[in-house]
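The points below are offered as a colleague's note on the structure shown here. They concern cysteines, a pocket, a helix and a loop residue.

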Amino acid sequence: MNNELTKVSKNRDYDLGFVPTMGALHRGHLELVKRASTENQSVVVSIFVNPNQFNNKEDLEKYPRTIENDIKVLENISNCIVFIPNKHEIYPDDDNFQSIDLQGMDTILEGKYRPGHFQGVVHVIHNFFKLIRPTRAYFGQKDFQQLAIIKKSTHIFNFPTHIITCKTVRDNSGLAKSSRNLRLSAAEKRDAVIIFKTLIFIKKNRKYCKTPKELKIQAMNFFLKGKLKLEYIEICESKSLEIVENQWAENMTASIAAYCGEVRLIDNMEI
Ligand code: AMP
């Protein structure tokens, strides 16, 4: 099957970009779409709130949905095809997806707190890639663990799609754009900036600490001056996602997950 996929994709005589989203589109999504639109003849933007990647029913129910506005925004991009599938189109009865061994990449960081989340992500992206056969697919650095896992799974499944990384888009305050921000009050948005400030703190203070562990402890103390409820702060090797504690690695990313009221937010930064 994989050989066939490669053949069909090679035979397409135009480049097709793909931007998978769960809707409630913001400037972060739009940067991905604009880039895909300029780098390919056409771009497919999917809007699908994937039930398989939610381990919490309430989180799925409360996920923001602004479909009419999303369509309006995408109408301005001339070579954009909006794809709003139903569950059956993505998970047909003859779905032959088989889960893969992600060698622990799916059970650390986010995976530790959201069991099954990344297998759900890998499944949906696998099925989308099979349907769309994109030349290039665009993902945000904002979800850096997801990006690393998609790069790995695309390689394992032997999909010919190029995975393109796009920078995190932020508000002027530093708060990373997220669909979930729609659920925050103005005051909560101000409180949530502590996540970005802590990431900057980590980046700046790296040179003063002997070990990543020491830096992490200082960062936790800094973060706890704010009002959010911390789930984790971790420093990991950027590609393998292996958590570093006693020794520095060459490329490292700091990541934070925290609750602002009822809303769970994540962010990360290369340090
Ligand atoms: P989502 O709709 O949250 O599943 O996100 C769809 C895509 O947009 C994913 O590849 C995300 O990483 C990306 N994305 C979400 N927020 C941002 C942001 N603030 N900056 C850049 N990319 C983002």
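1. How far is the sulfur of Cys236 from the closest cysteine sulfur? In this predicted model, the separation is 17 Å, and the partner in question is Cys209. A disulfide requires two cysteine sulfur atoms within 2.5 Å, so the distance for Cys236 is too far for a bond.

2. The result for Cys209 is consistent with this point: Cys209 takes part in no disulfide, its nearest cysteine sulfur being that of Cys236. The count of disulfides comes to zero.

3. Are the two cysteines buried or exposed? Cys209 has a relative accessible area of 7% and is therefore buried, the cut-off for this class being under 20%. Cys236 is likewise buried, with a relative accessible area of 0%.

4. The second largest pocket deserves a separate entry. Its space amounts to about 260 Å³. The lining consists of 14 residues, and those closest to the pocket centre are Leu147, Ala148, Lys151, Ser238 and Lys239. Classified by side chain, this lining holds four nonpolar, five polar and five charged residues.

5. Which parts of the chain supply the lining of the second largest pocket? Domain 1 (3-166) and domain 2 (179-270) each contribute at least three residues. Among helices and other elements, α8 (residues 144-156) gives the most to this lining, with five residues.

6. The geometry of α8 can be checked by its length. With 13 residues at 1.5 Å a residue, α8 should span 18 Å, and because its end C-alpha atoms are 18 Å apart, the expected and computed values agree. Here the expected span is 1.5 Å times one less than the number of residues.

7. Burial within α8 covers Phe144, Gln145, Gln146, Leu147, Ala148, Ile149, Ile150, Ser153 and Thr154. Two of these buried residues, Leu147 and Ala148, are also listed with those closest to the centre of the second largest pocket. As background, an α-helix has 3.6 residues a turn, so residues three or four places apart point the same way. After α8 comes Asn158, which has a positive phi, near 60 degrees.

8. Where is Thr211 found? Thr211 lies in the loop between α9 (186-205) and α10 (212-223). With a relative accessible area of 22%, Thr211 is partly exposed; the buried class ends at 20%. Thr211 and Glu39 are 172 residues apart along the chain, and their C-alpha atoms are separated by 41 Å.

Key:
Residues numbered from 1 in each chain as written. Predicted model: local features only at pLDDT ≥ 70, side-chain atom pairs only at ≥ 80, totals over all residues. Heavy atoms only, no water. Buried < 20%, exposed > 50% of the residue type's maximum accessible area, 1.4 Å probe, protein only. 1 Å grid on protein atoms, 1.4 Å probe; cavity = no way out; pocket = protein on both sides within 12 Å on 5 of 7 lines; lining within 4 Å. Points joined across faces, edges and corners; volume = space filled by probe spheres on them. Helix = DSSP H or I, 4+ residues; strand = E, 2+ residues; numbered from the N terminus. Nonpolar A, V, L, I, M, F, W, Y, C, P; charged D, E, K, R; others polar. Domains from an automatic or database assignment.
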